[in-house]
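Here is a walk through the sheet, the helices and the empty spaces of one model. Have the structure open while you read.

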Amino acid sequence: MRRDRTDRSPRRPRSPGRLGRLARVATTVTALWAAASGCVVVHGEREVVPATTRADAARALADFTAAYNKADATYDRSKDADRVTGPLAAIDAARLKAGRAGHPGGNPAHSPLAFDDARFSIPAKAGWPRWFVADATANKGVAGSRWLLVFTRDDLREPWQASYLTVLGAGDVPRFATDADGWAQPVAGDDPALAVEPGKLGRSYATYLRSGGDSFAAGIHTSQWRAQREKYASRPGLARQYIDEPLSSGSYAPVGLRTADGGALVFFTTRRFEKETAAAGTEIPAPGADVQALTTGEINQSLTLEFVSNQAALDPPKGSGDGRVAVLGRVEGLTGAKGE
């Protein structure tokens with residue numbers, strides 16, 4: 001008599017050996033399918049691979065430039081919001097907000113930014129984020145200077161975003177170390193071979209600006225900057241206080257490339273607060289329109305200005321020369337203000 005389907009005895013469980021053989025067969029079939037289809041998966045979180053191609057880097061620079069020009073012409077933050085991040089985004093957003101407050105119809109002085117002679121230093125590294133440095137001349141600023149922009153992203157599905165910008169003289173751009181294939185070499189935030197670990201540069205710089213010391217070489221952005229601040233710290237009827245702090249997490253994390261001499265060019269971020277306090281019976285000088293556009297509260301006896309600043313510094317190999325870090329460039333912008 002033919003058994004009804006519901007009367008069938010349960011099947012015997014497959015032996016572990018048979019399951020293992022089936023798993024190996026499945027794995028083999030999958031591998032053959034991937035090879036036949038030309039599909040190869042590279043685990044970027046483990047494999048050391050270039051951050052991008054030079055052609056893709058050139059497109060990223062072009063996309064940023066187009067978005068920046070649209071935002072600058074209209075003073076509309078949404079036009080380039082997906083092309084900037086980190087300190088550059090903070091500076092750019094405040095600039096556009098202040099511009100729009102004074103000129104809601106757009107920027108009457110807009111002149112398109114254009115880059116030329118672009119070079120790309122693309123590090124080979126494992127894990128995310130990926131980033132690279134674009135080095136180009138521009139039709140703005142000091143003639144002959146080079147604009148260095150750091151582009152970063154956290155995922156292949158995201159667009160490249162500019163996070164750092166510095167402007168250097170052509171002779172100040174260091175020669176970067178490269179591997180046999182021409183890819184740049186990144187430095188880790190805790191690299192012990194450098195005079196100051198890149199991840200600690202922001203804090204070291206903030207400490208130096210407050211108290212001095214011998215960690216940084218003399219220059220416009222170090223000793224001269226401290227002297228200028230001291231000069232304006234106390235003026236008749238007006239006192240000025242400075243507070244500096246590092247910004248080093250997320251899109252503000254420092255990044256660096258190994259230089260040919262074994263050091264590194266490191267990009268890092270700081271934030272500065274300047275509080276102006278008027279003496280009794282006096283008033284804070286009226287701020288300009290751009291400052292007013294970014295100010296909250298009522299200005300009575302004090303005004304606190306907030307700036308975001310990104311620096312590019314040469315961090316020498318530990319034990320070489322005098323061991324001092326040279327800050328080559330600093331780009332900053334007012335990002336907020338508070339009246340009291």
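What follows is a tour of a predicted model, starting with a sheet and ending with its cavities.

## A four-stranded sheet

Let's begin with the open sheet, which has 4 strands in the order β2-β4-β5-β6, paired antiparallel. The edge places go to β2 (115–121) and β6, and since each has a single partner strand, one side of each is left without a neighbour in the sheet. On average, neighbouring strands here are turned by 25° against each other, if you ignore direction.

Within the sheet, β4 (residues 130–138) and β5 run antiparallel and are joined by 7 bridges. If you want a spot to look at, find D135, which stands opposite L148 in β5.

## Two helices on the sheet

Helix α2 packs on this sheet and touches β2, β4, β5 and β6. Its direction makes about 135° with that of β2. Helix α3 packs on the sheet as well, touching β5 and β6, and its direction makes about 85° with that of β6.

How do the two helices sit against each other, and how far apart are their axes? α2 and α3 pack at an angle of about 30°, with 9 Å between their axes. An angle under 35 degrees counts as roughly parallel, so that is the label for α2 and α3. On the α2 side the contact uses F64, Y68, A71, D72 and T74, and these meet L88, D92, R95, L96 and R100 in α3. Sorted by class, the residues of this contact come to 5 nonpolar, 1 polar and 4 charged.

## The largest pocket

Now for the open spaces. The largest pocket has a volume of about 500 Å³. Its lining is made of 28 residues, and the closest to the centre are Y68, I91, D92, R95 and L165. Three of these names should ring a bell: Y68, D92 and R95 also take part in the contact between α2 and α3.

Which element gives the largest share of this lining? That would be α3, with 7 residues. At least two residues each come from α2 (54–74), α3 (86–102), β5 (145–153), α6 (289–293) and β13 (326–339). The lining has 17 nonpolar, 5 polar and 6 charged residues.

## The second largest pocket

The second largest pocket comes in at about 380 Å³. It is lined by 24 residues, with P129, W131, T152, A253 and V255 nearest its centre. Two or more residues of the lining come from each of β5, β6 (161–169) and β9 (255–258). Strand β5 thus turns up again, having also supplied at least two residues to the lining of the largest pocket.

By class, this second lining divides into 12 nonpolar, 8 polar and 4 charged residues.

## Strands β7, β8 and β10

Moving along the chain, β7 (residues 234–235) pairs with β8 in the antiparallel sense over 2 bridges. R235 stands opposite L238 in β8. The two strands form a hairpin with 2 residues between them, and G237 in the turn has a positive phi of about 80°.

β8 also pairs with β10, again in the antiparallel sense, here over 10 bridges. One pair to pick out is R240, whose bridge partner in β10 is E276.

## Closed cavities

How many cavities of 30 Å³ or more does a search of the whole structure find? There are 2. The largest cavity holds about 50 Å³ of space, and around it you'll find Y205, L209, W225, R229, D244, T270, R271, R272, S309, R330 and E332. Elements giving two or more residues to this lining are α4 (201–211), α5 (223–233), β10 (264–278) and β13. β10 gives the most, with 3 residues. Charged residues number 6 in this lining, next to 3 nonpolar and 2 polar ones.

The second largest cavity has a volume of about 40 Å³. G199, G202, R203, P246, L247, S248, P254, F268 and T269 line it, with at least two residues each from α4, β8 (238–247) and β10. The classes here are 4 nonpolar, 4 polar and 1 charged. So the paired strands β8 and β10 both contribute to the wall of this cavity.

Definitions and conventions: Residues are numbered from 1 along each chain as its sequence is written. This is a predicted model: local features need pLDDT of at least 70, side-chain atom pairs count only at pLDDT 80 or more; totals for chains, interfaces and linings use all residues. Side-chain values use heavy atoms; hydrogens and water are left out. On a 1 Å grid over the protein atoms alone, a cavity is a set of points where a 1.4 Å probe fits but cannot get out, and a pocket is an open set with protein on both sides within 12 Å along at least five of seven lines; lining residues have an atom within 4 Å of a point. Grid points are joined across faces, edges and corners, and a volume is the space filled by probe spheres set on the points. Ala, Val, Leu, Ile, Met, Phe, Trp, Tyr, Cys and Pro count as nonpolar, Asp, Glu, Lys and Arg as charged, and the others, Gly among them, as polar. Two strands pair if DSSP finds at least two bridges between them. Axes are lines fitted to C-alpha atoms, for helices over the stretch in contact, and angles run from 0 to 180 degrees between N-to-C directions. Contact means heavy atoms within 4.5 Å. Angles under 35 degrees count as roughly parallel, over 145 as roughly antiparallel, 65 to 115 as roughly perpendicular and the rest as oblique.
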